[in-house]
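The following report considers how one chain is built, how a core is assembled, and how a pair of helices pack. It should be read with the sequence and the coordinates at hand.

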There are 2 protein chains.
Amino acid sequence: MSSSADFSLGTVNTALTPQERFAEFMQARGKRITRQRQAIVDHVTTRHEHFDAEQLLADLRASAAGEGASRPTVYRTLNEMVEAGLLKKMVLDGRAVYEHDYGYPQHDHLYCTSCQRLIEFSSEELIALRNAVAATHQFRPQGHRLIISGICVDCRSKRSTSRHQDRV
Amino acid sequence: MSSSADFSLGTVNTALTPQERFAEFMQARGKRITRQRQAIVDHVTTRHEHFDAEQLLADLRASAAGEGASRPTVYRTLNEMVEAGLLKKMVLDGRAVYEHDYGYPQHDHLYCTSCQRLIEFSSEELIALRNAVAATHQFRPQGHRLIISGICVDCRSKRSTSRHQDRV
DNA sequence: ATATATGCAAACCATTTGCAATCTA
DNA sequence: TAGATTGCAAATGGTTTGCATATAT
């Protein structure tokens, strides 16, 4: 992980590792780095795919030794990681899905309504468009979220396999 | 479905009134136009702002005579209206928000995290961008949702009034 | 030591559902 | 009249919270 990324768009200055950033954030507010919080942060930073709280909970319990955490603690820590800027949260079909945010370039998603897969993409034009639109409305943009839903290549081929289109 | 659409950018060919379209949709699947469904559709078509289920429920009970409906019926009918293409649903801060979709041009939103107001805007560039991105990933786009969050003009002036930034 | 965290069970909240009574076509 | 719909109350499902106990600093 960490890997001083250096993308062209949205590059974030990654001076600290996610762990360090988290520690800094917690210490700054008198919060403690407990065994479970550390286990969660470590686990999350090793996998870079999108995930939800339940998946994380299961993964933690399944993986290595007794390095687990209770459901409430997983949820609590996930919120802290979002506050710390390590993760970005988005709601899809009713449940929260998380992805890395610290040290990652700004991007948006293509969401396959058939297999629920999220495909990332980034577009400079979109940023420009966003700022232009905001300016027109004297609106101060703080962020945006674009999700293009449809069917991914894989599902287009193996069409009529299992499930079909759900809601956007 | 059907209706040989031929819009330039989002403008929908409105041959039927929302009520007619709803009736057609329902009849086509053996569903009945009950007093409460009619009341809901009528009420919704008279107001063009964004709203959620609870607001609608309250409005229905408050407004005119005994033209109300139970909570389950309101939720059920809202789903039918979405299926019928009359309404578009989007999830904001945990609860579903609806807006008219039938006969309305495609558009996206600016979301004020301070006053929760939704400001609409439409951009042809965005559509082009969406299609270009989708094409790059051999993805078949079916729709998209762009929400630019930030602070609206009003809140920027009366700054530090009441609530402040929530999550995106 | 002592304040903060954990985990359990219970609470939340928006939304959905089972089912008997009630209507629409 | 028959089959669909309503409304009530209860169930859901993801997420949060109260509180006694365990733990980090």
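In this predicted model, buried residues account for 41% of the 168 residues of chain A. The surface that chain A exposes comes to about 8900 Å², of which carbon and sulfur atoms supply 48%. Chain A contains six helices and six strands, and their order along the sequence is α-α-β-α-α-β-β-β-β-α-β-α. Among the contacts in chain A with a separation of 6 or more, 54% are accounted for by residues 24 or more positions apart.

**The nonpolar core**

The largest nonpolar core has 28 residues, and those with the most contacts inside it are A:Phe139 and B:Phe139. Both chains contribute elements to this core, each of those tabulated here supplying at least two of its residues.

| Element | Residues in chain A | Residues in chain B |
|---|---|---|
| β4 | 108-112 | 108-112 |
| β5 | 118-121 | 118-121 |
| α5 | 124-136 | 124-136 |
| β6 | 140-151 | 140-151 |

Leaving aside residues up to four places away in sequence, B:Phe139 touches B:Ala134 and a series of chain A residues, including A:Leu110, A:Tyr111, A:Cys112, A:Ile119, A:Ile148 and A:Ile151. The contacts of B:Phe139 also include A:Ser149, A:Gly150, A:Cys152 and A:Arg156.

**Helix packing in chain B**

Two packed helices are described by the angle between their axes and the distance between the axes. For helix α2 (residues 35-46) and helix α4 (residues 71-83) of chain B, the axes come within 10 Å and cross at roughly 65°, and the crossing in which α2(B) passes α4(B) is right-handed. On the side of α2(B), the contact is made by B:Gln36, B:Arg37, B:Ile40, B:Val41 and B:Val44, while α4(B) contributes B:Thr73, B:Val74, B:Thr77, B:Glu80 and B:Met81. By character, the residues of this contact between α2(B) and α4(B) are five nonpolar, three polar and two charged.

Within helix α4 of chain B lies B:Thr73, which counts as buried because its relative accessibility is 17%, under the 20% limit. Apart from residues up to four places away in sequence, B:Thr73 touches B:Gln36 and B:Ile40.

**A threonine in helix α2 of chain A**

A:Thr45 belongs to helix α2 (residues 35-46) of chain A. Is A:Thr45 buried or exposed? With a relative accessibility of 4%, A:Thr45 counts as buried. The C-alpha atom of A:Thr45 is separated by 7.3 Å from that of A:Pro18, although the two residues are 27 residues apart along the chain.

How values were computed: Residues are numbered from 1 along each chain as its sequence is written. Chains are lettered from A and ligands numbered from 1 in the order in which they are written. This is a predicted model: local features need pLDDT of at least 70, side-chain atom pairs count only at pLDDT 80 or more; totals for chains, interfaces and linings use all residues. Side-chain values use heavy atoms; hydrogens and water are left out. A nonpolar core is a set of buried Ala, Val, Leu, Ile, Met, Phe, Trp, Tyr and Cys residues joined through side-chain atoms within 4.5 Å. Buried means under 20% relative accessible area, exposed over 50%, partly exposed in between (1.4 Å probe, protein chains only). Helices (H or I, at least four residues) and strands (E, at least two) are DSSP runs, numbered from the N terminus. Contact means heavy atoms within 4.5 Å. Accessible areas come from the Shrake-Rupley method with a 1.4 Å probe; for residues, only the protein chains shown count as cover. Axes are lines fitted to C-alpha atoms, for helices over the stretch in contact, and angles run from 0 to 180 degrees between N-to-C directions. A crossing is left-handed if the near helix is turned anticlockwise from the far one by less than a right angle, and right-handed if clockwise. Ala, Val, Leu, Ile, Met, Phe, Trp, Tyr, Cys and Pro count as nonpolar, Asp, Glu, Lys and Arg as charged, and the others, Gly among them, as polar.
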